[in-house]
Amino acid sequence: MHSASQITILILDDDPFILKMLTKMLANQGYTKVSTCDNGRDALTLIDHPDTRPNLIMLDLNMPDMDGIEFVRYLVEHQYQGHLVLVSGEDERMLKTAEKLVHAHQIPMLGYLHKPVTPDKLAAILNTWKPHAAENQSPTNHKLYSAEELRTAIEQHELVNYYQPKVSVRTGDVIGVETLVRWHHATDGLIFPDRFIHIAEENHLINELTTLVLTNALNQAKSWHQSGLMLRVAINVSMDNLASLDFQDLVVNLVTEAGLSPQSIVLEVTESQVMGADARVPLEILSRLRLKRFHLSIDDFGTGHSSMAQLRDIPFDELKIDQGFVHRAWADATLRAIYDASLSMAKQLDMETVAEGVEDQQDWELLRQTGCDLAQGNFVSKPLLGAEFPNWVASWKQRVRTELLLQSGN
Ligand code: G
Ligand code: G
Ligand code: MN
């Protein structure tokens, strides 16, 4: 735990009574380095100066000139590196929306406090404070990679597949895996796809990348099949892969050469950008792959453009409910409504359902109660290297029998 004297706190609220009351409450709990502002402009001046820059800001949402939401945007522009606590009289949904926005701006947030603030709640939230890594992070951690570096990485096979299991919620059987690519960078370590997929898409490298991922995944699938693990293997396909008709030949040829059947391959499609004015090419590729009995999956359902128009136009076999609507849907009425609606729509369309981001036992129980077909997430397993898989399967089978108490189908 930290000591209260370590933290420099700034309270921003237009109500002088709140400023006085919070300052007093904080002092009673040993927080003495506290300053106050009744408007955003003055607060930004304090933040800009190294001597007065706080580690923690307690922010009111509803203020007359610059409101809290606008203030958060300025915090980003002023490169604020500390934490935030929202303090507001607004309702739960409004506070949650504001919290999402703060997360989207990548400002670490300890949580929110409803007004009137009680000393207990205040103490509980401040106790979770830890110095934020970004406050002393080196800028190389945010390094951007060039197209040339990525091209070399693909050529040198520095991209490595990880595999995350998809299991049957009813029986616990391991049905398949999703392939998730990572870059094993010689000097920077393990790099996640959110830092390089877009570079591949923007620089005409996405077909090379997907070819490498698919080739490695097919080799892995073959070796699993030979050892009796009949896993269905999913790969992620970018909309940019679907821009040219060559892609379907590429996939068909690689799968045929590997001696695998299309039924054992799943293509997960997200529409990361709006389908261009001419949707004929992607539609043709997906329809033809489906005719050859490849499984098509709509990924991240409910976000961005992975939406109902796609469901209407493309013959998907599987619907993946985005993790943002799965984790804690049992505790949150809004998430639950979206989760239920997605599940029900998939069932009416005769699609298999996969819930992503299943993180704990309560998430798992919700899937069981609602009849979701497959689960994927850290509760089952984090993404694994191919070589780790057989051992994981053995330990999972054990867990299915002794802890989850399911009747396995095999
Ligand atoms: O694994 P996480 O592992 O961080 O993956 C983040 C995102 O990257 C996911 O949305 C996933 O769909 C995407 N992704 C992972 N591997 C690939 C890939 O081989 N191709 C494409 N286009 N996206 C991928
Ligand atoms: O392709 P897609 O966007 O569905 O990729 C799944 C992403 O979710 C990957 O980045 C993967 O590492 C991540 N992931 C997998 N399981 C969990 C989980 O239980 N919780 C969270 N937060 N992320 C997960
Ligand atoms: Mn996916």
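In this predicted model, helix 2 (residues 40–48) lies across strand 1, strand 2 and strand 3 (56–60), and runs at about 165° to strand 1. Helix 5 (residues 119–126) lies across strand 1, strand 3, strand 4 (83–88) and strand 5, with a direction at about 170° to strand 5.

Here are these two helices side by side.

| Helix | Strands it lies across | Angle |
|---|---|---|
| Helix 2 (residues 40–48) | strand 1, strand 2, strand 3 | about 165° to strand 1 |
| Helix 5 (residues 119–126) | strand 1, strand 3, strand 4, strand 5 | about 170° to strand 5 |

Now to the sheet itself. It is an open sheet of 5 strands in the order 2-1-3-4-5, and the pairing is parallel. At its edges sit strand 2 (34–37) and strand 5 (109–114), each of which pairs on one side only. On average, neighbouring strands of the sheet are turned by 15° against each other, direction ignored. Strand 1 (residues 9–12) and strand 2 run parallel and are joined by 4 bridges; Ile-11 has Thr-36 in strand 2 as its bridge partner.

Further along the chain, a pair of helices deserves a look. The axes of helix 12 (residues 333–348) and helix 13 (residues 361–370) come within 12 Å and cross at roughly 40°. Helix 12 and helix 13 are therefore oblique to each other, and helix 12 passes helix 13 in a right-handed crossing. From helix 12, Arg-336, Tyr-339, Asp-340 and Leu-343 meet Leu-366, Leu-367 and Thr-370 of helix 13. The residues of this contact comprise 4 nonpolar, 1 polar and 2 charged.

Notes:
Residues are numbered from 1 along each chain as its sequence is written. Chains are lettered from A and ligands numbered from 1 in the order in which they are written. This is a predicted model: local features need pLDDT of at least 70, side-chain atom pairs count only at pLDDT 80 or more; totals for chains, interfaces and linings use all residues. Side-chain values use heavy atoms; hydrogens and water are left out. Axes are lines fitted to C-alpha atoms, for helices over the stretch in contact, and angles run from 0 to 180 degrees between N-to-C directions. Helices (H or I, at least four residues) and strands (E, at least two) are DSSP runs, numbered from the N terminus. Angles under 35 degrees count as roughly parallel, over 145 as roughly antiparallel, 65 to 115 as roughly perpendicular and the rest as oblique. A crossing is left-handed if the near helix is turned anticlockwise from the far one by less than a right angle, and right-handed if clockwise. Contact means heavy atoms within 4.5 Å. Ala, Val, Leu, Ile, Met, Phe, Trp, Tyr, Cys and Pro count as nonpolar, Asp, Glu, Lys and Arg as charged, and the others, Gly among them, as polar. Two strands pair if DSSP finds at least two bridges between them.
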